[in-house]
Amino acid sequence: QVQLVESGGGLVQPGGSLRLSCAASGSIFNINVMGWYRQAPGKQRELVATITPAGSTNYADSVKGRFTISRDNAKNTVYLQMNSLKPEDTAVYYCNAGSQSLYFIGLYWGQGTLVTVSS
């Protein structure tokens, strides 16, 4: 089993920045691809960004140029730097791990952290 714990969510004004972190523990040899997904009220969960252990990345078109995903393999931690935030970025952000591909959802989920973009 893999446990994922997110942190860093909160309230930010439009145009502001936030940095999310997700630390993995447990059977970390199963982690492989890590990533972030989000779910806004009344909408389906969607991919935000994913990253392989080697650093290859995949981003949703809606966040390209504004968000940056990175990871520290020594700390088993993935980060999401979010800049130029928009109200439509408001959602619960979930950490995900365990996939073999940048394009498929992994088995493991964190509990989610709320990001609210509002003036």
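The legends below describe close-up views of aromatic rings, a charged side chain and a disulfide in a predicted model. Residues are numbered from 1 along each chain as its sequence is written, and side-chain values use heavy atoms, with hydrogens and water left out. Because this is a predicted model, local features need pLDDT of at least 70 and side-chain atom pairs count only at pLDDT 80 or more, while totals for chains, interfaces and linings use all residues.

**View 1. Tyrosine 37 meets tryptophan 109 edge-to-face.** The structure holds two aromatic pairs; rings of Phe, Tyr and Trp (its six-membered ring) pair if their centres lie within 6.5 Å, and planes under 30 degrees apart count as stacked, over 60 as edge-to-face and the rest as tilted. Here the centres of tyrosine 37 and tryptophan 109 are 5.3 Å apart, with 70° between the planes. The pair links distant parts of the chain, 72 residues apart: tyrosine 37 belongs to strand S4 (residues 33-39) and tryptophan 109 to strand S10 (residues 108-109). Strands (E, at least two residues) are DSSP runs, numbered from the N terminus. Tyrosine 37 is buried at 3% relative accessibility, whereas tryptophan 109 is partly exposed at 31%. Buried means under 20% relative accessible area, exposed over 50%, and partly exposed in between (1.4 Å probe, protein chains only).

**View 2. Tyrosine 94 also pairs with tryptophan 109.** This edge-to-face pair has 6.3 Å centre to centre and 90° between the planes. Tyrosine 94 comes from strand S9 (residues 91-99), 15 residues away from tryptophan 109 in strand S10. With a relative accessible area of 14%, tyrosine 94 is buried. Ring pairs thus join Tyr37, Tyr94 and Trp109 in a cluster.

**View 3. Arginine 45 sits over two rings, those of tyrosine 94 and tryptophan 109.** A charge sits over a ring if NZ of Lys or CZ of Arg is within 6 Å of the ring centre and within 35 degrees of the ring normal. For arginine 45, the distance is 3.7 Å from the ring centre of tyrosine 94 and 4.5 Å from that of tryptophan 109.

**View 4. Cysteine 22 and cysteine 95 form a disulfide.** A search of the whole structure finds one such bond, defined as a pair of cysteine sulfur atoms within 2.5 Å. The S to S distance between cysteine 22 and cysteine 95 is 2.1 Å. The torsion about their S-S bond is about -85°, so the disulfide is left-handed. Because cysteine 22 lies in strand S3 (residues 18-26) and cysteine 95 in strand S9, the pair ties together parts that are 73 residues apart in sequence. Both cysteine 22 and cysteine 95 are buried.

Note on methods
Helix = DSSP H or I, 4+ residues; strand = E, 2+ residues; numbered from the N terminus.
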